[in-house]
Amino acid sequence: MSLIYTPIWFSTILPILQYMVLNFVPMMKATIRYLAGIAGPSGYGSKTTADQVVEDSLRSMPRPSAPHLTAIVTGATSGLGAEIARVLAKNGVRVIIPALYRELGKAEELKENLVKEYQEAEIIISEMDLCSFASIQRFCSDFLSLGLPLHILINNAGIMSNKLKFSEDNIEQTFATNYIGHFLLTEMLLEKIMETASESGKEGRIVNVSSVAHKWVDAKNFSFDKLLNPESYNQHRAYAQSKLATLLHAKELARQFKARKANVTINAVHPGAIKTGIFKDINGITADFLYIMTIKFLKSTSQGAATTCYVALSPMTTGLSGKYFADCNETQCSSLANDETEARKLWNQTHAFIQSRLLQPLGQHDTNLS
Ligand SMILES: NC(=O)c1ccc[n+]([C@@H]2O[C@H](COP(=O)([O-])OP(=O)(O)OC[C@H]3O[C@@H](n4cnc5c(N)ncnc54)[C@H](OP(=O)(O)O)[C@@H]3O)[C@@H](O)[C@H]2O)c1
């Protein structure tokens, strides 16, 4: 069958081509800037590495013997998360790595290597599956029982499932992992982050790893019930929708932090295109097409981890909340991602849904349901 008549053409390639035609001039400028690695207002650009950003960010901070910051990084058993964990640990940040049960061995190996390389590294591995409410609750209760502070939460784990599958709680798996699981994790750790921020006087930071793919989402296809249980499934659409939800989550939570005068920020990032495990479920024509389209644009893992580290640690992002970053600079997200009503609606729906499933109040703060 010719490519023109395949569902992939209508669902993925055509929207991308339409988007490219409509945004030709700004895209050309952005492409040149990206390929040349030209620095933006932050002084960083597409070629900046995570090592560079973290070393610059922490240079001004005194280095006590004990870890001065504690961070949870989800999805740190491979890809971008592993690089973020490495750079943070190298620079004296205590890193908590939640790992899937089947990956605990891999996580322990990662820890061993990091401790071998950086003797002072402090890494704590704990089991967590973002596809299970019970597992997230267990992880949070174990973490909270350690009595450690929490300065940084990096919601980085992600998947792009090629088939319609459901989580333990009967939620479409890409949406469950990328968005709902992180939503619950964040809610359960909010009080701890706010308490740490007020006791330490250091701004708490949450980073939601989103993607430029959020721009492909059409408002009429973005409905909470369908995201939980889609009538028809397309892996690219499901991924893009989950990433839009992640961005809207950051927008709404930023508004809530501001209303509560909490010394905590939350932002979303697009890391760039990096050849990692996230693409393992893409096969055939789509994989070839994506590879050909992106080969010149691919970043190294260290470049891909830079924006998340910039938002999590840089003094230049102090006080910035509810923003979207790429290549270590604030950038524009889609108009749907900027829609405050949509963000509040999604937050309320998600909160009510999780609460009804858990049959207990979620978090201790005023939920501002409307
Ligand atoms: N790579 C890119 O080009 C790109 C572009 C835009 C956005 N992103 C985003 O960047 C983030 C990091 O992705 P990556 O590229 O580094 O991909 P990756 O190498 O596949 O890493 C994803 C991580 O998430 C973990 N994970 C998957 N399902 C999980 C679950 N149910 N519970 C807990 N952890 C789970 C994986 O654990 P296992 O190792 O056990 O599978 C892995 O550590 C994702 O949010 C992705 O959407 C990536």
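Let's start in the middle of the sheet: strand β1 (residues 69–73) and strand β4 (residues 152–155) run parallel and are joined by 3 bridges. Strands here are DSSP E runs of at least two residues and helices are H or I runs of at least four, both numbered from the N terminus; two strands count as paired when DSSP finds at least two bridges between them. Residues are numbered from 1 along each chain as its sequence is written. Please keep in mind that this is a predicted model, in which local features need pLDDT of at least 70 and side-chain atom pairs count only at pLDDT 80 or more, while totals for chains, interfaces and linings use all residues.

Within the β1 and β4 pair, Ile72 has Leu153 in β4 as its bridge partner. Helix α7 (residues 173–200) packs on the sheet and touches β4, β5 (204–209) and β6 (264–270), with its direction at about 160° to that of β5. Contact means that C-beta atoms, placed from the backbone, lie within 7 Å. The angles, from 0 to 180 degrees, are taken between N-to-C directions of axes fitted to C-alpha atoms, for helices over the stretch in contact.

β4 also runs parallel to β5, joined to it by 4 bridges, and there Asn155 is partnered by Asn208 in β5. In a regular strand, side chains alternate between the two faces of the sheet. In β4, Ile152 and Ile154 point one way and Leu153 and Asn155 the other, and all are buried. A residue is buried if 20 or more other C-beta atoms lie within 10 Å of its own, exposed if 12 or fewer, and partly exposed in between, with C-beta atoms placed from the backbone.

Now step back to the whole open sheet: its 8 strands follow the order β3-β2-β1-β4-β5-β6-β9-β10, with mixed pairing. β3 (123–127) and β10 (329–330) are at the edges with a single partner strand each, so one side of each has no neighbour in the sheet. Helix α5 (residues 104–117) lies across β2 (93–99) and β3, at about 180° to β3.

Helix α9 (residues 235–259) is a nice one to check with a ruler. Its 25 residues should span 36 Å at 1.5 Å a residue, and its end C-alpha atoms are indeed 36 Å apart; the expected span is 1.5 Å times one less than the number of residues. Of those 25 residues, 20 are buried, so α9 is largely enclosed by the rest of the structure.

Most residues other than glycine have a negative phi. Just after α9, Lys261 has a positive phi of about 55°. Asn170, in the loop between β4 and α7, has a positive phi of about 65° and is exposed, with 10 other C-beta atoms within 10 Å. Asp327, in the loop between β9 (324–326) and β10, has a positive phi of about 50° but is buried, with 27 other C-beta atoms within 10 Å.

Finally, turn to the ligand. Of the 27 residues around it, Gly75, Gly79, Gly158, Thr276 and Gly277 come nearest; a residue is near if its C-beta atom, placed from the backbone, lies within 6 Å. α4 (79–90) and β7 (273–274) are the elements giving two or more residues to this shell.

How values were computed:
Contact = placed C-beta atoms within 7 Å.
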